[in-house]
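Biologist: Please take one part of this model and go through it closely. I would like to hear about a patch on the surface and what lies around it.

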Amino acid sequence: MLQVSYIRNNKEKVEKGLKKKQFKDLELVDKIVALDDERKSLQSQSDELLAKRNLVSKEIGALMAQGKKEEAESKKAEVTALKEGIDAFAVQLAEAESALESFLYRIPNLPSDEVPEGKSAEDNKTIRQSGAIPELHHGAVPHWDLITQYNLVDFQTGVKITGSGFPVYKGKGARLQRALIQYFLDYNTAAGYTEYIPPYVVNAASAFGTGQLPDKEGQMYHIGADELYLIPTAEVPVTNIYRDEIIPSS
């Protein structure tokens with residue numbers, strides 16, 4: 001999530017990056033800056049009242065020590081009024097901070113300066129290419145026909161059990177899935193990576209941490225009783241291993 005200070009100090013760069021990502025709600029940038037100004041103003045006014053309350057509170061002690069009870073009582077009434085004002089500012093400040101946070105969550109991270117502008121894959125630039133692109137021989141069978149021919153996946157049963165998009169792998173299809181997973185794990189652990197088995201459900205803070213929330217709630221399976229979300233990819237729990245942590249550069 002971009003920080004308010006970064007957005008404020010790099011407004012043109014932020015807007016340029018958002019345009020590159022085809023972000024439509026560019027007015028959010030101005031709203032964030034304006035809301036941050038409001039938050040700062042509320043905080044300043046609250047701090048002024050707080051400082052004044054502390055000063056008057058000290059005066060009460062001095063007046064009581066001098067036996068000036070009536071004046072002290074008057075000051076107490078002033079402190080009560082100041083406290084009510086501070087409490088009112090606290091409510092406004094909390095509302096402003098909540099609104100500011102919700103706006104910030106809607107601003108995506110900026111793309112690298114090296115990312116080319118474009119609206120589709122056709123606008124991508126080929127940086128490097130290795131090997132020749134294979135050409136299928138005449139009469140090559142598409143994978144969906146091979147799946148049926150070798151009885152690797154049962155789509156109809158998957159639909160019956162769960163719904164569209166949930167296949168049942170069977171026989172050699174199941175073995176192939178398991179083999180690919182094992183190959184991936186063996187290859188990468190041999191390269192020095194550490195294998196993790198994270199939870200398959202995460203809390204809201206984790207979903208916010210990777211950008212699934214707040215705008216993708218309708219695309220996630222939500223466990224209302226525990227306020228947990230089923231992960232869409234391993235990115236969510238693995239990235240959140242380092243949430244709220246500062247990682248050394250070396």
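Modeller: A nonpolar patch on the surface is made up of Phe 166, Ile 197, Tyr 200, Val 201, Tyr 221, Ile 223 and Leu 230, and together these residues have about 720 Å² of accessible area. The model is a predicted one. Tyr 200 is a convenient place to start: this residue sits in the loop between α7 (172-190) and β3 (201-203). Tyr 200 counts as exposed because its relative accessible area is 57%, and exposed means over 50%.

From the loop the chain passes into β3, which belongs to an open sheet of three strands. The strand order is β3-β5-β4, with antiparallel pairing. β3 and β4 (222-223) are the edge strands, each pairing on one side only. Strands of a sheet pair through backbone hydrogen bonds. Between β3 and β5 (residues 228-230) there are three bridges, and the two strands run antiparallel. In one of the pairs, Val 202 has Tyr 229 of β5 as its bridge partner.

Buried residues can be found elsewhere, in α4. Helix α4 (residues 69-106) has 38 residues, which at 1.5 Å a residue should span 56 Å; the C-alpha atoms at its ends are 56 Å apart, so the two values agree. Its buried residues are Ala 72, Val 79, Leu 82, Ile 86, Phe 89, Leu 93, Ala 96, Leu 100, Phe 103 and Leu 104. These buried residues pack against α1 (4-9) and α3 (27-65).

Conventions: Residues are numbered from 1 along each chain as its sequence is written. This is a predicted model: local features need pLDDT of at least 70, side-chain atom pairs count only at pLDDT 80 or more; totals for chains, interfaces and linings use all residues. Side-chain values use heavy atoms; hydrogens and water are left out. Patches are made of residues with over 30% relative accessible area and no salt bridge: like charges are joined within 9 Å, nonpolar side chains (Val, Leu, Ile, Met, Phe, Trp, Tyr) within 5 Å. Accessible areas come from the Shrake-Rupley method with a 1.4 Å probe; for residues, only the protein chains shown count as cover. A salt bridge is a side-chain nitrogen of Lys or Arg within 4 Å of a carboxyl oxygen of Asp or Glu. Helices (H or I, at least four residues) and strands (E, at least two) are DSSP runs, numbered from the N terminus. Buried means under 20% relative accessible area, exposed over 50%, partly exposed in between (1.4 Å probe, protein chains only). The expected span of a helix is 1.5 Å times one less than its number of residues. Contact means heavy atoms within 4.5 Å. Two strands pair if DSSP finds at least two bridges between them.
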